[in-house]
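Please open the model in your viewer and keep the sequence panel beside it. The tour below moves from the chain as a whole to a few selections worth making one after another.

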Amino acid sequence: MISVSSLMALRKSQKTIAGLKAAINRKPEFNAIYPESLHEFQDSLVFLIKTEQSKELIATGPGSPFFQELMGDTRSENGVTFKCCPLTVANSRVVRQYFPFTNPVSLASHDITIGLGDRLGLASPGHLQLLKGLNIRPVLAQQSIRELNLTGRNYQQVLADAVWAVFQEDYQAGFGADGDHLKTFDDIKMALDCGFTMITLDCSEHIHNLRDGEEADLERLYTSFGPDQRRPLETAFLGKEFNVSGMTIAFPLESLRRNAVIYQKAVDFAIKVYRELVKPAGNIDFEVSIDETLTPTEPAAHFFVAKQLVEAGVKINSLAPRFCGEFQKGIDYIGDIRQFEREYKEHELIAKHFGYKLSIHSGSDKFSVFPVIGRESKRFHLKTAGTNWLEAIRVIIEKEPDLYRQIHLFALEHLDEAKKYYHISAEPGRIPDINSLSAEGLKDLMNQNDARQLIHITYGLILQAKDEKGTYLFRDKMFACWHRNEDLYAQFLRKHIGRHLGALGLM
Ligand code: ZN
């Protein structure tokens, strides 16, 4: 435990907090303090320290309401009273109240934003160290319901973890919080109630993917809409040609029928969600995702959806089409890059026409298409998540190879279970036998696509696995390893997400 009274004495010898930060960096007795976390509020000096098992917030200045609202142990040393507070959701709310920069905000006015989903609640410090000073804003809290279920977390905790990281790194430029891939009114309400500032509406359950034979049956399917629904669609689209920044999009009867059958229910759903939940909540970045479909989104379909939303008054901040090729989890793009470039340009023209950003989902590690995105879009949103977990696995491989070996064998045993949640092409047969790999050889595993995907999609099972007595098989050991090696994790993230930004032409 550091001496809070000596820290207070050191504070008196320095004119500014910046001076104090520099001074403690030179004194090993204070190296448990996260220097950037030193903040002052009225009479309180507030900062985070690293303890054996976790982190704590320390606050001095017992007279202030801030001090009193925090929950923790009040202690005293050489006449200095201070409180040691666990990094709980409740304490994060107190910090948010007194340090406004720790609240998530709308990022609508920022051209380039990047979603940095953090399944473990440990990745944000590394991300923030990378982004400080760059003109890119992070969405730190970004989890889908599937991810919450698989990691056993909730939105309060996800946001609190982001808040602590922002405080630790003194990141004052503003960050977002995304209720990602939400499908129901209840889930959206929950995210908004927690203070999330971005909602990604997943319309997939309202998108009618055409099954075999239905292609020939479009006329009947379309007629099932009834005249009151068809009339406005026909007035808006039928036989019309639209000029979208030089590109022509036309709606002959067949195209209208097809797009209406596939997308109209999703359009109606998005309008309803926006009017009833998102708009009343105020300054929320609304993303519409139509990417979870069986086939790529054609430009006409994109236009068909967007035009109706915009004309219904929906303020779209970003829209995620499904691009051609495959955006599988945690590996590079699979597909024809020239075709991707052609189609990406068309989607970009539509997005620009309506004034929103394209959102690129499953954006982890798509290095071969990043140059296209960076070149063609002045504004965009890119989502990553799983790659941050894989970098955490690299830490385990590097520091505790034997623990990794156990995790690896467990993941192989449970791959089929995990495939229910995620679509991947990994072939376990192509993964090298880890018994034949040295500790050095293990380090290369996370550069091999099949092994990456194996570990990528089994995260929930790995983190939740318990023995007969109910003790976690891996979770506690993994978190202990990450805590001990948090600097290494941050270093890996700076490098790896930095590679993403480099390929996008952003740094
Ligand atoms: Zn998506």
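What follows is a walk through a predicted model, beginning with the overall view and ending in two loops.

**The whole chain**

Start with everything displayed as a cartoon, where the protein chain shows 22 helices and 15 strands. If you switch to the C-alpha trace and turn it along its principal axes, the spans are about 85 × 55 × 45 Å. The radius of gyration is 25 Å, which agrees with the value near 23 Å that a compact globule of 507 residues would have. Colour by burial next, and 56% of the 507 residues in the protein chain should light up as buried. Of the contacts between residues at least 6 apart in sequence, 69% join residues at least 24 apart.

With the surface switched on, the accessible area of the protein chain comes to about 21,500 Å², and carbon and sulfur atoms account for 48% of that. For a view of charge, select the 60 positive and 65 negative charges, whose mean positions lie 4 Å apart.

**Four paired strands**

Now hide the surface and select residues 112-116, which form strand β6. Which strands run parallel to β6? One is β7 (residues 137-144), joined to β6 by 3 bridges, and another is β15 (residues 380-384), joined to β6 by 5 bridges, also in the parallel sense. To see individual partners, pick Gly 115, which is bridged to Val 139 in β7, and then Leu 116, whose bridge partner in β15 is Thr 384.

Stay with β7 for a moment, since 8 of its 8 residues are buried. Strand β15 is mostly covered as well, with 5 of its 5 residues buried. Show the side chains of β15 and look along the strand: Phe 380, Leu 382 and Thr 384 point one way, while His 381 and Lys 383 point the other way, and all of them are buried.

From β15, extend the selection to β14 (357-360), which pairs with β15 in the parallel sense over 3 bridges. Here Leu 358 stands opposite Phe 380 of β15.

**The loop after β14**

Follow the chain out of β14 into the loop that leads to α14 (370-376), where Ser 362 is found. Although Ser 362 is not a glycine, its phi is positive, near 50 degrees. Further along that loop between β14 and α14 is Asp 365, another residue other than glycine with a positive phi, in this case about 65 degrees. Are these two residues buried or exposed to some degree? Ser 362 counts as partly exposed because its relative accessibility is 21%, and the cut-off for buried is under 20%. Asp 365, with a relative accessible area of 4%, is buried.

**A helix and a second loop**

Move to residues 17-25, helix α2, and show its buried residues, which are Ile 17, Gly 19, Leu 20, Lys 21, Ala 23 and Ile 24. Adding α1 (4-13), β1 (39-41) and β2 (44-50) to the display brings in some of what covers them.

Finish at Phe 225, in the loop between α9 (218-223) and α10 (227-237). Phe 225 counts as buried, because its relative accessibility is 14%. Beyond its neighbours within four places in sequence, Phe 225 is in contact with Arg 230, Ala 260, Val 261, Gln 264 and Lys 265. A distance label drawn from Phe 225 to Ala 260 should read 9.0 Å, C-alpha to C-alpha, for two residues that are 35 residues apart in sequence.

Note on methods:
Residues are numbered from 1 along each chain as its sequence is written. This is a predicted model: local features need pLDDT of at least 70, side-chain atom pairs count only at pLDDT 80 or more; totals for chains, interfaces and linings use all residues. Side-chain values use heavy atoms; hydrogens and water are left out. Helices (H or I, at least four residues) and strands (E, at least two) are DSSP runs, numbered from the N terminus. The radius of gyration is taken over C-alpha atoms; the globule rule is 2.2 Å times the number of residues to the power 0.38. Buried means under 20% relative accessible area, exposed over 50%, partly exposed in between (1.4 Å probe, protein chains only). Contact means heavy atoms within 4.5 Å. Accessible areas come from the Shrake-Rupley method with a 1.4 Å probe; for residues, only the protein chains shown count as cover. Lys and Arg count as positive and Asp and Glu as negative; His and the chain ends are not counted. The place of a charge is taken as NZ of Lys, CZ of Arg, CG of Asp or CD of Glu. Two strands pair if DSSP finds at least two bridges between them.
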